[in-house]
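Subject: A structure to look through

Hello,

I am handing over a structure that I would like you to look at slowly, with the sequence beside it. Below it I have set out what was found.

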Amino acid sequence: MARRNSSRVVLGVGGGISAYKSVDLTRRLKERGCEVRVVMTQAATAFVGPLTFQAVSGHPVRTTLLDPAAEAGMGHIELARWADRLLIAPATADLMARLAAGIADDLLTTLALATEAPLSLAPAMNQAMWRHPATQRNLDILRSRGAQILGPAEGGQACGDVGPGRMLEPLEIADIIRPPTGAPLAGARVLLTAGPTREPLDPVRFLGNRSSGKMGFALAEALTDLGARVVLVSGPTALPAPRVAEQVCVETALEMHAAVLSRAADCDLFVATAAVADYRPAEPLGQKIKKDAGELTLRLVRNPDILAEVAARRPPPFTVGFAAETDRVEEYARDKLVRKGLDLIAANHVGGARGGFERDENALTLIWKDGSRELPMRGKTQLARELALLIVERYLERHATPT
Ligand code: CTP
């Protein structure tokens, strides 16, 4: 699959005086290699004409949800899928309230619900409206769902007030939103485990688990797309071979352990997404177990902890672990981060209606020593891309700060 080197941005323009700045923002985003499609709220059209955005973006501008002509072209669901990012600038207090409440009463708020792309908001409003507890509460809700909040800046406002609420300048926003240029992981060697392991009981039976390998394979491709040389050590999965430099197929935890440890000295990053069996049958039998007794007791012994062993190497590679938890997700994951000496841990909530094993969607809480970030529920491919970008961010930061 060819990698696009541009980023597709749906720019949602809200009804505020700063809408005029979004014309320049469109231009700045395009200069930075983004493809931009503009969607305006009705209120925004009172400030700037759609024709202006059409001329600058080079594409028709959409303003209404129920427009048969526009739907015959790129329908709103298609537009939601097309986007790599939904950027709303200016995000007014009213828009933020509707987004926080999940209301979909116009094209832009409908797109915000329909898209899996990450959401960025550049708020712009009067300083009293910005400070109002209702706005602050909506901001917290949107932030907790993973929205990126850009600004606002402080200073003189169009209404004469002075304070926070000014939209960031187009150049500042465009520099944050720009697609990663080049390959930030060029030259980096990644070793990544994925999938389940199978622990044989006898020649026909094994102890296994429900991991599909989807998240690990998607992450291996996302890291490859960022320029890394990825060696994937995978347990048995039903997935097609991913785009990586090398794939090593293993079956048991001991085989995975050997495959990883023999390559650990040659990696800069180690990412452990595999669901490795913690225990294996103590003595797998050479012949099929016969059901001649009323009860069968299996004796299991511990498998080596591959991730902890790699993290204990000196010097250690940058290590990323996964934690599947049913409760107290953040607390247990942080404990694992410290106990195993990791740089980053991606915790997912398993069980119940949330994502996890055998699903196409997932949500993650990313935790590192002095920070955390929520990646809300979305398709595993998109989620893997965002996780890969965070891995790059933390990895480059570790290299910038001597430990
Ligand atoms: N891991 C590993 N080798 C093992 C076990 C786990 O490399 N033998 C890695 C997994 O790939 C994952 C992380 O360690 O990145 C999960 O840690 P673990 O402590 O096994 O998590 P849980 O099984 O969820 O832990 P617990 O049973 O303690 O809740």
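Let us begin with a single residue, S22, which is found in helix α1, a helix that covers residues 21-31. Please keep in mind throughout that this is a predicted model. Is S22 buried or exposed? S22 counts as buried because its relative accessible area is 0%, and the limit for calling a residue buried is under 20%. If we set aside residues up to four places away in sequence, S22 touches L11, V13, F53, A89, P90 and M167.

From there we can step back to the chain as a whole. The protein chain has 403 residues, of which 49% are buried, and it contains 14 helices and 19 strands. Taken along the principal axes, its C-alpha atoms fill a box of roughly 80 × 50 × 40 Å. Of the contacts with a separation of 6 or more, 66% are between residues that stand 24 or more positions apart.

The domain assignment divides the chain into domain 1, residues 8-177, and domain 2, which is made of 189-284 and 298-400. The C-alpha centres of these two domains lie 36 Å apart, and where they meet, seven residues of domain 1 are in contact with eight residues of domain 2. About 510 Å² is buried between domain 1 and domain 2, with 45% of that area on carbon and sulfur atoms. On the side of domain 1, the residues that lose the most area to domain 2 are E116, P118 and R145, which together account for 67% of what that side buries. How many salt bridges are there between domain 1 and domain 2? The count is zero, although one residue pair is found in polar contact across the interface. Sorted by class, the side of domain 1 that touches domain 2 has two nonpolar, two polar and three charged residues.

Two helices are worth following on the screen. In helix α6, which covers residues 107-114, the buried residues include L107, L108, T109, T110 and L111. The buried residues of α6 pack against the strands β1 (7-13), β2 (34-40) and β3 (85-91), and also against the helices α4 (76-82) and α5 (93-101). In helix α11, residues 253-261, the buried residues are A253, M256, H257, A259 and V260. As you look at that list, it may help to remember that residues three or four places apart in an α-helix point the same way, because such a helix has 3.6 residues a turn. The partners against which the buried residues of α11 pack are β8 (189-194), β9 (199-202), β11, β12, β13 (269-272) and α12 (306-311).

Next come the salt bridges, of which the count is 25. E221 forms one with R243, and the closest N and O atoms of this pair are 3.3 Å apart. E221 is in helix α10 (residues 214-225), while R243 is in the loop between β11 (229-234) and β12 (246-249), so that the pair, 22 residues apart, links distant parts of the chain. R243 also meets D225 in a salt bridge, with 2.8 Å from N to O. Because D225 lies in helix α10 and R243 in the loop between β11 and β12, this second pair ties together parts that are 18 residues apart in sequence. R243 is described as partly exposed because its relative accessible area is 25%, which falls between the limits of 20% and 50%.

Another salt bridge joins R398 and D343, whose closest N and O atoms are 3.0 Å apart. R398 is in helix α14 (residues 380-400) and D343 is in the loop between α13 (329-339) and β17 (344-349), at a separation of 55 residues. R398 is partly exposed, with a relative accessible area of 23%, and D343 is partly exposed as well, at 21%. Elsewhere, D24, R27, R28, E31, R32 and D175 are joined into one network by salt bridges that share partners.

Finally, please find L239, which is placed in the loop between β11 and β12 and is partly exposed, with a relative accessible area of 26%. Which residues is L239 in contact with, leaving aside its neighbours within four places in sequence? They are S212, G213, K214 and F217. The C-alpha atom of L239 is separated by 47 Å from that of A134, and these two residues are 105 residues apart along the chain.

With best wishes

Definitions and conventions
Residues are numbered from 1 along each chain as its sequence is written. This is a predicted model: local features need pLDDT of at least 70, side-chain atom pairs count only at pLDDT 80 or more; totals for chains, interfaces and linings use all residues. Side-chain values use heavy atoms; hydrogens and water are left out. Domain bounds come from an automatic or database domain assignment. Contact means heavy atoms within 4.5 Å. Buried area is the accessible area (1.4 Å probe) that two parts lose on being put together, summed over both. A salt bridge is a side-chain nitrogen of Lys or Arg within 4 Å of a carboxyl oxygen of Asp or Glu. A polar contact is a pair of N or O atoms within 3.5 Å; within protein, one must be able to donate a hydrogen and the other to accept it, and residues adjacent in sequence count only if both atoms are side-chain atoms. Ala, Val, Leu, Ile, Met, Phe, Trp, Tyr, Cys and Pro count as nonpolar, Asp, Glu, Lys and Arg as charged, and the others, Gly among them, as polar. Buried means under 20% relative accessible area, exposed over 50%, partly exposed in between (1.4 Å probe, protein chains only). Helices (H or I, at least four residues) and strands (E, at least two) are DSSP runs, numbered from the N terminus.
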